[in-house]
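User: I have a model open on my screen and would like to understand the labels attached to it. Could you take me through the reasoning?

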Amino acid sequence: MQNMLRTQIHQSTAASQCFFFLQSPFIHRSNGVGSSSSSLGFRRKHNFPKKKKISLSNIKAQSSETIAATIDQKDVTVKADITIQLSVGGFLSSIGLSHGLDDITDLLGKSLLLELVSAELDPHTGLEKRAAKGYAHKVKQEGDDVKYAAEIVVPSDFGDIGAVLVENEHHKEMYLKDMVLNGMPGGPVTVICNSWVHSKFDIPEKRVFFTSKSYLPSQTPSGLKKYREKELESLRGNGEGERQKADRIYDYDTYNDLGNPDSSADLKRPVLGGNKEFPYPRRCRTGRPPCKTDPASESRSSSVYVPRDEQFSEIKNLTFSATTVYSVLHAVIPSLETAVLDSSLGFPFFTAIDTLFNEGVNVPDLNTKKGFLKNILPRLIKALKDLERDILAFETPELILRDKFAWDRDEEFSRQTLAGINPYVLKLVTEWPLKSSLDPEIYGPQESSITTEIVESQIKGVLTLEEALKQKKLFVVDYHDTLLPYVNKVREINGTTLYGSRTLFLLTPESTLRPLAIELTRPPSETKPLWRKVYTPGHDSTACWLWRLAKIHFLAHDSGIHQLVSHWLRTHCSMEPYIIAGNRQLSAMHPIYRLLHPHFRYTMEINALAREALINAGGIIESSFSPGKYAIQLSSVAYKAWRFDQEALPADLISRGLAVEDPTAPHGLKLAIKDYPFANDGLLLWDRLKQWVSDYVNHYYPDPAQIQSDHELQSWWTEIRTKGHADKKDEPWWPKLETRDDLIGILTTIIWVPSGHHAAVNFGQYHYAGYFPNRPTIARVNMPDEDPNETQWKMFLEKPEVMMLMTYPSQIQATKVMAVLDVLSSHSPDEEYLGETIEPSWASDPIIAAAYERFTGRLKELEGIIDDRNANREFRNRHGAGVVPYELLKPLSEPGVTGKGVPYSISI
Ligand SMILES: [Fe+2]
């Protein structure tokens, strides 16, 4: 083991404890996965012919079941072309005994039974018209698609086809993509399915698929009413029993599955949701049995149920998010953990951090998985040809690639509150002194120790504090009240610490921010009195180093709040109730379901994976972030302040004092900071989303009274408020749903969360946090001047770098987080970006198709505006020497880690 880095912090001599192995040759940054660019043009993946209405009423009726019998020449023979997608583990996989039986079923030509359902009931009898049936047989395979075909005789008085019932005669489920029914007088009818169809041997109930025409409930054609209601009933389920893999049931439960008390008492966690202490959004109910040692907790399982159609990991081409995240969590992280015995081992010296990028990490266990992991994670796992082994090597993050010293500068520290990955926390200071609302008896004085004198000494005579306040020039990121109640608890955990913190900034005439002070507070405990101190950018070496350390503490707090609140709680977690309610209450033929569905895709599965290995007891977040086992509880504390209405970007900006209403300003808002890249680009995107939603809503609800009478829509909104976000059901701020404007506001807010909001906090994670000194997730030791002892203070004075490395994450913490952030920041090769591809149901209505085309055009324009802004020297928060341009809200992206691209939904 030559070239082993020598640790200076820990006196470990065990070779296995220091796992950085200097590799040669150096690995250089590649351009990411692929470099193909896609145009923003109105790209149609499907070519769906328009459906014309032609009456068949003059065609003589005839039974359709006897295909071989004499066919009246006025009957119509419909040729159905069906596309099944190859899947891993489903039908047509080579696994399982039933494969042979299914081959025979195919040979006999009885593999899928289709029943066409007339849109209208028989006008004479008021009964359902007899369904036209026929078996589909396998025709050919084209790549991953398997084509089936059927011929079905449709009686002359059948009318329009409204739905198709499907029965899968195989022993295994099939992934049905679409059906095209040719031969109807009105032209081909397309039925988009994209759904798993269970085997009739598992569930006897047939599946129903509706055509792409959307109907409000009151407009449902008579022949489809029964199917519309039955399908929703089936999706809601009965709320009982453990959910099985083939189920398509959407139901609610609390977060009682994060702990694992049966495995260890240390892994018991409180139930989040359904109680006053820990309010929380609901997750999807899985119905697993309770734990033996704690009946309030649900037992854990190796795979977590999500409704069948939310599971995409088994379909080829849609494997990226689930597979890559799963591989990092289940293969790379455990390999890292086995490679290092001392999980508290820090980096031996500062430059050792660079070896992660230019030399890689030798993780012996990776070689047992050689090839497999390299194919899935080509960015992370590199082969060393001369040494014939795979290593874990990180790409140099964009921030460091552009400016190696950016992480240490105060200007960059401030800039990232406006253009970094957590642009949701900065607030205008409106009262002085800063004040806590915590109980002073328990937590000490409510007034902050950042005094007027401290601030004025930093402003340096340019302004008085009063003037700065009056001119709206003081801003703060205030984590004091959120964190302080956890400080003493967290300090009982080995290897971490915590403070309450506040960071104060001054707005300069150039529209940039300058940090003035960081206040760190330790509340009183049974053994120690209150301790708090205000740090300012120093003018001597000791003060400079203390300031640097205080910034590390603040950044660890900010990393936690970013990940737990801005990212997890406010996007991933809050979306799940909208998705569950959408599937339970809005029919697949409801226009609002069809508007929202692209924004729902893949989220439940990625959230299930997060509950399994990221936010669970002992998971990545708990083991690598400052609050440790209290991390996810902090997101519950933050949920207390969560408000649906303030998830709308304009309302969010106003609530933080970052904007005021101004009818004369663009978007009707005047920003408090002119160059606020997230807000400036975000508002443009918000306006475009709102325009598209308005066009859509106005088309489907020409009469505003239809909104109040739409019982599916009303049930959906009621359920979001009373079941999905049940702990908030009595809040007065929930918007009403009575007018078109109400609906447009609600839908734009819901759509903004998985698109603009999620993109802003997700896809820049590796750019900014991949180099952990810029955003450490944990600060492991206290400030050297908190209760200093002589030895510690002496060490700080002699070698402050050592104190900094002791404060930073350990080697294992840093590399685990880097591997996770790398994959979380990635776009899959078939990512679905806003405005890129039209949904078949949108395309089938010419008015909606035209509105979508306008939306696409406006998004294309947004790309140009963002490029222009990034090239403008006046915008110093997004342009300048070594500055990473702000591209997080540019709609399109190439695959890989690009720091841009706004997908429809949260898939990673
Ligand atoms: Fe995410």
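Analyst: Happy to. Two strands count as paired if DSSP finds at least two bridges between them. In this predicted model, strand β1 (residues 76-85) and strand β4 (residues 145-154) are joined by 10 bridges in the antiparallel sense, so they pass the cut-off of at least two. One of the bridges sets Ala 80 opposite Ala 150 in β4.

User: Which sheet do β1 and β4 belong to, and what makes β7 and β8 its edge strands?

Analyst: They sit in an open sheet of 8 antiparallel strands, ordered β7-β6-β1-β4-β3-β2-β5-β8. β7 (189-197) and β8 (207-210) are called edge strands because each pairs on one side only. On average, and ignoring direction, neighbouring strands here are turned by 25 degrees against each other.

User: Why do β13 and β17 stand at the edges of their sheet?

Analyst: That is an open sheet of 5 strands with antiparallel pairing, in the order β13-β14-β15-β16-β17. β13 (427-428) and β17 (531-535) have a single partner strand each, so one side of each lacks a neighbour in the sheet. For β17, the pairing is with β16 (residues 513-522), antiparallel and over 5 bridges; Thr 521 stands opposite Arg 532 in β17.

User: What packs on this sheet, and at what angles to β16?

Analyst: Helix α7 (residues 410-419) touches β14 (474-478), β15 (500-507) and β16, and its direction makes about 85 degrees with that of β16. An angle from 65 to 115 degrees counts as roughly perpendicular, so α7 is roughly perpendicular to β16. Helix α9 (residues 452-459) touches β15, β16 and β17, at about 150 degrees to β16. That is over 145, so α9 counts as roughly antiparallel to β16.

User: How do you know that α18 is roughly antiparallel to α27?

Analyst: Their axes come within 10 Å and cross at roughly 175 degrees. The cut-off is over 145 degrees, so the label is roughly antiparallel. Residues making the contact include Leu 684, Leu 685 and Trp 692 of α18, and Ile 848, Phe 855 and Leu 862 of α27. By class, the contact has 12 nonpolar, 1 polar and 4 charged residues.

User: Why is Ala 672 called buried or exposed, whichever applies?

Analyst: Ala 672 has 20 C-beta neighbours inside 10 Å, and the label needs 20 or more, so Ala 672 counts as buried. This residue is found in the loop between β19 (669-671) and α18 (677-700). Leaving aside neighbours within four places in sequence, Ala 672 is in contact with Leu 428, Lys 472, Gly 657, Leu 658 and Ala 659. Lys 472 lies 200 residues away along the chain, yet the two C-alpha atoms are separated by 7.3 Å.

User: What makes a set of residues a nonpolar core, and how many residues has the largest one?

Analyst: The members must be buried nonpolar residues joined through C-beta atoms within 7 Å. The largest such core has 243 residues, and among those with the most contacts inside it are Ala 80, Ile 152 and Val 328. Helix α12 (residues 541-585) gives the largest share, 18 residues. Not counting residues up to four places away in sequence, Val 328 touches Ile 333, Leu 377, Ala 819, Val 820 and Val 823.

User: And how much of the protein is buried?

Analyst: Buried residues make up 52% of the 908.

Notes: Residues numbered from 1 in each chain as written. Predicted model: local features only at pLDDT ≥ 70, side-chain atom pairs only at ≥ 80, totals over all residues. Helix = DSSP H or I, 4+ residues; strand = E, 2+ residues; numbered from the N terminus. Contact = placed C-beta atoms within 7 Å. Axes fitted to C-alpha atoms, helices over the stretch in contact; angles between N-to-C directions. Buried ≥ 20, exposed ≤ 12 C-beta atoms within 10 Å, placed from the backbone. Parallel < 35°, antiparallel > 145°, perpendicular 65-115°, else oblique. Nonpolar A, V, L, I, M, F, W, Y, C, P; charged D, E, K, R; others polar.
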